[in-house]
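Reader: I'm new to reading protein models. Could you walk me through this one?

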Amino acid sequence: EVKSIISKCGAPCATMAALLGETPEEAPEVPEPDLSMELQDQLKRCLTEHEACCTKEQMKVQRLLLPHGRSRLEVDAIRDRYAEAAVIELVTTLKSFDPDISKDKLSGDIYRILHSDAVVGHLSMSFKGSLRAYVPRNRSEWLGEDVERHIACKRAFLRVLSQQLRRVAGDLVSRLPPATAPFDRTAVTRVALLSASGSSALLGFYCGTVGLLGGSAAGTLVGAIPAPLTLGLSLPVGAIVGGGLGVAAGTLMGGACGFVGGGATGAATYVYRADLQDGIVYVKGNAAATSTRLRTRAFETTGYVKVSAIDAVDVARGRVLELTQSASEAMSSAGVVTVSAAKGTQAKAAKLGADLLETAQDRKTQVTAAAAAGGAVVVGVGGSAVGFVSGGAIGAACGVLPALFTFGLSIPIGAAIGSGAGLCLGAAAGGTAGLVGGGTTGYSVYAHRGDIGSGLSRARCRANQFVSLVRSKASDVKTRLIGDKGGTD
């Protein structure tokens, strides 16, 4: 019936083939994969980790002391699960090293990795056989065109096979007659008596101790009532009597309860020992299967996280390269712009220096600056003198008002403050006015120096003409006067 189920579902796995006495067909020798040494070392480490975890799970199952057939089934199932997880991680590792790998190349690499000894040669024969059975040598036995589809179909097939086998096993178990365990009354009585005596002694001891403490406390409290009449002797007597009664009652009650409870528990445990052992084995087996399933899921998640992280690193690396290239291009462009800007700034600075030098060498500028400086000095000195005198007078006048209260000290102080302020204001105002007026006068005089010179020349000529005219007139007057004087004589 199991063989018919397997033939309906598809190609059997290595474990079921071994259980049914079948052997896979030998295939020709497979060449070694064309992989780098770094990648081969990583794949070897991955397979070694899966084999170590598989060995630990197998040892846990073997320590459960299951029947030989059931233990073998559990071990083979664990080995198949770890072989599946190892193949999945091999696929994810190859895709992480070469994200653009094609499906044909990926299938060929997985095929050569598993069926040659270059990568899996260091593994045990059992785990290596599970790996090679998961991905058969004969490509026609694959459940898909490539290795990824084969893995997906394999996992779906194993789930269907497991469900159908579980249903068949349930039907077989339901058809079996109920198991009856031999019932030995002598052995049950012996176990019950031993359990009852042990429980009675243990529980009687603890209850007697509690009764002793409780009875002593109660007797002491009762003896405290007549203590004034008995001069305190009732206290120890009450404690002794209460302790004795408490020990007796506690021991009797604890022993009776322990005898009954221990005997019943021991007899029930002995009678149903097989069922209890099966329940414990069932719980341990479920815990081991759950742990293995969770570990497989963790391996798959770890592989997915590794692939995602490697993809993210590759994307980030490409982005960094793009940013680096853009930065280098921007730096080269900035260098060109900086050189051109520097050249333009240098040309402007040279032009500004030439203009400043030309302005400084200009006679008009020199005359204007000299006239402004002279005017600022002359008018500034005059303004400071006027400000000093007027400020002192104003300050002294202002100090006259509080002189009655300061005994006359406000007058010189006001004069000093006013003269200082007047000096500063007069110097500033006079210097500014002299600077502006002198500069304006010097500029105007120099700008109209030709007109001023020609005017002076004309004035000089007219003055000379006037002097010549005066001289001629004087000469005529003198001549006339002398002539008149001679005629008179």
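Author: Sure, and keep in mind that this is a predicted model. Let's start with a pair of helices: H4 passes H5, residues 103-114, and the two cross. The handedness of that crossing is right-handed.

Reader: Which residues of H4 and H5 make the contact?

Author: Let's take one helix at a time. H4 brings Val87, Leu90, Val91, Leu94 and Lys95. From the other side, H5 puts in Leu106, Asp109, Ile110, Ile113 and Leu114.

Reader: And by class, how many nonpolar, polar and charged residues does the contact of H4 with H5 have?

Author: Lys and Asp count as charged, while Val, Leu and Ile count as nonpolar. Lys95 of H4 and Asp109 of H5 are both in the contact. By class, the tally is two charged, no polar and eight nonpolar residues.

Reader: How are H4 and H5 oriented to each other, roughly parallel, roughly perpendicular or oblique?

Author: Their axes come within 11 Å and cross at roughly 130°. Roughly perpendicular stops at 115 degrees, and roughly antiparallel needs over 145. H4 and H5 therefore end up oblique.

Reader: What about H3 and H4, are they roughly parallel or roughly antiparallel?

Author: H3 covers residues 37-63 and H4 covers residues 68-97. They pack with axes 9 Å apart, at an angle of about 160°. Angles over 145 degrees get their own name, so H3 and H4 are roughly antiparallel.

Reader: How many nonpolar residues does the contact of H3 with H4 have?

Author: The crossing of H3 and H4 is right-handed. Sorted by class, their contact has five charged and six polar residues, and the nonpolar ones come to 15.

Reader: Now a single residue: is Gly246 buried or exposed?

Author: Gly246 has its place in helix H11, residues 234-271. The cut-off for buried is under 20% relative accessible area. Gly246 has 13% relative accessibility, so the word for Gly246 is buried.

Reader: Which residues does Gly246 touch, leaving out those up to four places away in sequence?

Author: Ala217 is 29 residues from Gly246 in sequence, and their C-alpha atoms are 9.9 Å apart. With those sequence neighbors left out, the residues Gly246 touches are Gly211 and Leu212.

Reader: Zooming out, how many helices and strands does the protein have?

Author: The chain data cover 489 residues, and buried ones make up 28% of them. The protein exposes about 31400 Å², with carbon and sulfur atoms supplying 67% of that. As for secondary structure, the count is zero strands and 16 helices.

Terms used. Residues are numbered from 1 along each chain as its sequence is written. This is a predicted model: local features need pLDDT of at least 70, side-chain atom pairs count only at pLDDT 80 or more; totals for chains, interfaces and linings use all residues. Side-chain values use heavy atoms; hydrogens and water are left out. Helices (H or I, at least four residues) and strands (E, at least two) are DSSP runs, numbered from the N terminus. Buried means under 20% relative accessible area, exposed over 50%, partly exposed in between (1.4 Å probe, protein chains only). Accessible areas come from the Shrake-Rupley method with a 1.4 Å probe; for residues, only the protein chains shown count as cover. Axes are lines fitted to C-alpha atoms, for helices over the stretch in contact, and angles run from 0 to 180 degrees between N-to-C directions. Angles under 35 degrees count as roughly parallel, over 145 as roughly antiparallel, 65 to 115 as roughly perpendicular and the rest as oblique. A crossing is left-handed if the near helix is turned anticlockwise from the far one by less than a right angle, and right-handed if clockwise. Contact means heavy atoms within 4.5 Å.
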